[in-house]
Amino acid sequence: MIKLNVNGKKLDFDGDENTPLLWALREQLGLTGTKYGCGIAECGACTVHIDGQAVRSCVYPIAALEGSEEITTIEGLSKDGSHPVQQAWTELDIPQCGYCQAGMIMAVSALLKENPNATDQDIDDTITNICRCGTFARVRKGIHLAKKKA
Amino acid sequence: MNKLFNTSPNLSRRSFIVATSAAGLSVGVLNACAPSEKPVDYSQLPPNPEVNAWVHIHHDDTVTVRIARSEMGQGTVTGLSQLVAEELGCDWDKVTFEFPTPGENQRRDRVWGSFSTGGSSGIRRSHQYVREGGAAARMMLTEAAANQWDVPVSECTVEKGVISHKGSRKSARFGELVVAASKLMPPTEFKLKDSKDWIISGKSKQRLDTADKLTGALKYASDLTFPGMLNASIKDCPILGGTLKSFDASVPEAMPGVKKVLQIDNAVVVVADTWWQANSALEATPIEWDGGKLASYSSDEINALLDDGLEASETFTGNKGGDVDAAMKAAAKTIEATYNFPTQNHATMEPMNATALWTPEKCEVWCPTQNGEAALRETVTASGHPIEKCDVYKTILGGGFGRRGMSDYVGQAVKIAKEMQGKHIKLQWSREEDMLHGFYHPITKCKLKGGLDVDGNITALDIKISGQSILAALMPQALVEGADYATFQGLLPAGLSDRLEDQTLKYSFPNFHIHHAMRNPPIRPGFWRGVNLNQNTLYLESFLDEMAHAAGEDALDFRLAMLKDEPKMAAVLKAAADKGGWGSNDGKHRGLANIYGFGSYVAACAEVSINNDGTVKINKITAATDPGHAVNPQQIAAQVEGSFVYGLSAMLFGEITYKDGQPEQRNFDTYNSMRIKDMPKVETIVMPSGGFWGGVGEPTIAVAAPAVVNAIFSATGKRVRKFPINNRDLRV
C-alpha cells in the first residue's frame, strides 16, 4: 500500500509499484482525464504536475514517488474550470477532439507557473505535446491570453 | 437514446450529457422561468415526449438536438445543432445534443438516415433533412399554440423558443407546448429559411462540447468503466498475411491480475483486472508468428511495383481531352518529373478501443466510431446475435481521420466478450498495435509530363499515377470495369455521377491525359483524412509550378489563365495570394496551391524560409475557403488551421515503411507529428459565396504541402519531389 497525494487528497494505491503513474491514476484512482497516447513519453497526453513540474506520467513508475509529492491532474487544476489556462481555452474554443488537451493544458499551466511571461520561443522550446487535430495555432494564442488572465 | 449519456446528472449548458429519459427526474435544477414567476419544480412532471426524431424539448425549454453523425473534433455536432436550432427558432443558449443509437435508428426505420461520418459530409450531406427536422418541430409547436388559443397559425410568431400571438397578446414557451405538439401530424412540406435571414447558422458560435474537454470530465470510450469490467490488450499478427503459430499462455497466466489468455483469429489477447496488467502480461508472452509468403516483404518491393506502374502502357483513364501525344510532340518545350506519396498511418491520439458486453440475451458495445451503423453490423456478425439484440453506444472520438470508419476493433472486442460472458470487456489497443494495424493512406507515385508552346502556354499535360487503390481493397463492388475513379479525386471530369461531382478538375487544359496504373501492394489501404485529394493536389499543383517556372510565367497568372471558366476557384486563389503577400517585393519566399475538393474551393499561399541547417521553416500560410454556405465560420477556421497540421505533418514526417513484412514505425518516436514549434501562423479567409454546401474538414489538407513545396522552390531553387521531407537539407 502506497500513499499518494493527488489533487489535495491522500489516496491509497494498492498495486504493483512498477505501474506507471498514468495507469494508477486512470485505473486505480478513477482519474481518467489524464490520457494514454503513446506510453513512451513522446506525445504528452498523459502530462500531470508533480510538485508543480510537468511530468509525462506514462513512464513515471509509482515506485519513483515518495508519497509526499503533490500530484495534480487535470481534475485538480481548478475546482470549476476557472484556471486562467482553462478560461483562455474556453474563450478561444481551442479543443477539437480534445483527447490531447488535458495534457496540453497541464503542460501549459506548468510552463506559465514557472515562466509567467513565456515568449513564443519559450513555448516552442517547452510545449512539445502532439495534437493530431492540429490546434497549435489556437494553443499559442491561448497561452498568450492565459498570461493576461493570470 | 444513448444509454451512455443517460447516466450522468450533469445538465450544464455546455455539456452534451443532457439525457432525455433522465431529464424528467433532474431538470428541476434548471429554471428557465422569468424571475417574477414562482419557480416550477419540473421534476414532478413526467418527462416531455420528443417533438420529432431530431428535437426533444424539456419542460424548462432545454432543447436536445439528436445528432446521427459522429463528433471527432470536426465540430459537426455544433454545426448541425445550429442548423436545427435555426429552423426551430429556439434560444441557442438552451441547446444541447445527444447521439441516438444505431439500434434505435434501425428500430425506427432509419429515421436519422446515415450515421457514416467521413468525406467532410456531416453537414453537406444532411443539411436538408436536419433543417426540415427543426422546421417541422417549429411548425408543430406553432400549430399546438394556435390550436390552444384558437387563432390562425399564420398569425403566430416564433422567437427564441417563445410563440406569440399579437392580436390576443398570448404567448407560450416551447417547453409548455411539447405534449400537444407531439400529438399532431408532422408536416410534409417545409419552407426553410433563406441563409440571409439566419441568426444562429452562419454565425461563429462556440462549440457545444468544449467545457468537459477542459476539465477531464468528458468520458471518451477508453475512459469508460463498468462494475466488474475487465481490460484486454491484443497483439494481432504484425506480418502481412501472416498467422499465429503458437504462444505460451503459462507465462501471462502466472502474472498478477490476469484472468484469461485467449486466441482470437490470429491474435493473442490477455484479459486482466487492469489494462496495465493485461498489456504487461501480453508483452511478456512468448509468441511465434508464421510469416507466410510475405515474411521478408519490404518497401523495396513496393517501390519496384510502383516503378513498374510508372512505365506501364495499360492504364485506367480518369480524365482526358484533345490529343496529348500529338501536342507533346509539337511542344516548344517539355518537362517531366516524378513524385511519390508514402504510406501513412492515421495516428488518432486515442488508440483504437471498444468495450463490449455479451450475454446470451444481448450484445452491447461502447466505442468511438465514425460509422455507428457499420459498428452495429460488425457487432451483429461477431456476436452471433440478431440485430434486435445488439446495440452500439457512441462516444465522442479522440480523433478519427477516417480510421474509425472501420470496425475491426469492434469485432475483436465482441469476440473477446463472447469468451468472457456477462462481463464488460474493454479492449484497448497499445499505440504499437495501432501503428501496426492501420488502414493506411494508399501509396502512389506519379510521373508528370508537360508541354509548353513558344508563348509559355500549356499545350499538353500527361499525369500518370501508379499505385494503390482504396476501393479495390475495401469496396471492390465500387470499381467500374476494374477502374477506381476515387483514385482521381480532384482530377475527374464533370458529369460522371452525382457522387463524383465534388471530385472534379477545375483547370482547363487543351490536351491532357490523367491515368492510373493500378498497383496494389499487400498493405491494407483506407480512407485517410483528405483521401486521394492529398497526393493528387501535391502532384498537380507542384508540377504546374514547375511548368510556370519553365514557362517563365508568374505562378498565379499561369494558373488563373487556366481558370477563366471557374470564377469561384479563381476567387479563392486570388484571395489567398493577395492576403498572403503574393507578388510583394519583400524578399520573402512564397508558394501557391488551389483545389476543388469535398464540394469546396480552397487555396493557400505559404511563406517559408530555410534554417541554417537547411531544414524548412514555414512562417505563415494564408488560406481561403469558399464552402458555399458557412455554418460556423470560426469552426471552419479551426478546421483549416488543423488541416495544415495534418497535411504538413504528413509532408514533413509521415511515412510507414516495411521490413520483414511489417511496418517499421511503431510509435511517435519513429512516426513523428508536428509540434507547436513547427506550426506556421495561419490566416484563414472564409468567403462563402452561397448556393451550395461544401465540406471543410478535409480540402485544405490537400493544398498545405504543395503551397509549402512551391515556396521551398522559391527559396532554394530546388524541387522537393520525395516525401516525407523529414530533416533533409533542402539546399542540396
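## Two interfaces in a predicted two-chain model

Chain B and chain A bury about 4,300 Å² between them, and carbon and sulfur atoms give 55% of that area. Keep in mind that this is a predicted model. Three residues stand out on the chain B side: B:L214, B:M349 and B:I676 together supply 20% of the area that chain B buries against chain A, more than any other three residues. In terms of contacts, 57 residues of chain B meet 47 residues of chain A.

**Polar side of the chain B–chain A contact**

The salt-bridge rule picks out four such pairs across the interface of chain B and chain A. One of these joins B:E641 to A:R138, with 3.1 Å between the closest N and O atoms. Polar contacts across the interface of chain B and chain A come to 29 residue pairs, counting those with both residues at pLDDT 80 or more.

Which elements of chain B give two or more residues to the side that touches chain A? They are α7 (275–284), α12 (431–436) and α17 (633–652) of chain B. Of these, α17(B) gives the most, with 10 residues. Sorted by residue type, the side of chain B that touches chain A has 23 nonpolar, 21 polar and 13 charged residues.

**Inside chain A**

Chain A has its own internal interface to look at, since its domain assignment gives domain 1 (2–76) and domain 2 (84–149). The contact draws 17 residues from domain 1 of chain A and 14 residues from domain 2 of chain A. Taken over C-alpha atoms, the centres of the two domains of chain A are 21 Å apart.

Here are the two interfaces next to each other:

| Interface | Buried area | Share on carbon and sulfur | Salt bridges | Residue pairs in polar contact (both at pLDDT 80 or more) |
|---|---|---|---|---|
| Chain B and chain A | about 4,300 Å² | 55% | four salt bridges | 29 residue pairs |
| Domain 1 of chain A and domain 2 of chain A | about 1,200 Å² | 59% | zero salt bridges | seven residue pairs |

So how does the domain 1 side of chain A look where it touches domain 2 of chain A? The elements that give two or more residues to that side are β3 (47–50) and β4 (53–56) of chain A. By type, the residues on that side divide into six nonpolar, eight polar and three charged.

The loop between β3 and β4 of chain A holds A:D51. What is the phi of A:D51, which is not a glycine? A:D51 has a positive phi of about 50°.

**Chain B as a whole**

On the secondary-structure side, chain B has 18 helices and 26 strands. Its C-alpha trace spans about 85 × 75 × 50 Å along the principal axes. Why can the fold of chain B be called consistent with a compact globule? Because a compact globule with 732 residues would have a radius of gyration near 27 Å, and chain B has 28 Å, which agrees.

One backbone detail is worth a look in the segment after α18 (699–716) of chain B, where B:P724 lies. The peptide bond leading from B:F723 into B:P724 is cis, with omega near 5°.

Key: Residues are numbered from 1 along each chain as its sequence is written. Chains are lettered from A and ligands numbered from 1 in the order in which they are written. This is a predicted model: local features need pLDDT of at least 70, side-chain atom pairs count only at pLDDT 80 or more; totals for chains, interfaces and linings use all residues. Side-chain values use heavy atoms; hydrogens and water are left out. Domain bounds come from an automatic or database domain assignment. Contact means heavy atoms within 4.5 Å. Buried area is the accessible area (1.4 Å probe) that two parts lose on being put together, summed over both. A salt bridge is a side-chain nitrogen of Lys or Arg within 4 Å of a carboxyl oxygen of Asp or Glu. A polar contact is a pair of N or O atoms within 3.5 Å; within protein, one must be able to donate a hydrogen and the other to accept it, and residues adjacent in sequence count only if both atoms are side-chain atoms. Helices (H or I, at least four residues) and strands (E, at least two) are DSSP runs, numbered from the N terminus. Ala, Val, Leu, Ile, Met, Phe, Trp, Tyr, Cys and Pro count as nonpolar, Asp, Glu, Lys and Arg as charged, and the others, Gly among them, as polar. The radius of gyration is taken over C-alpha atoms; the globule rule is 2.2 Å times the number of residues to the power 0.38.
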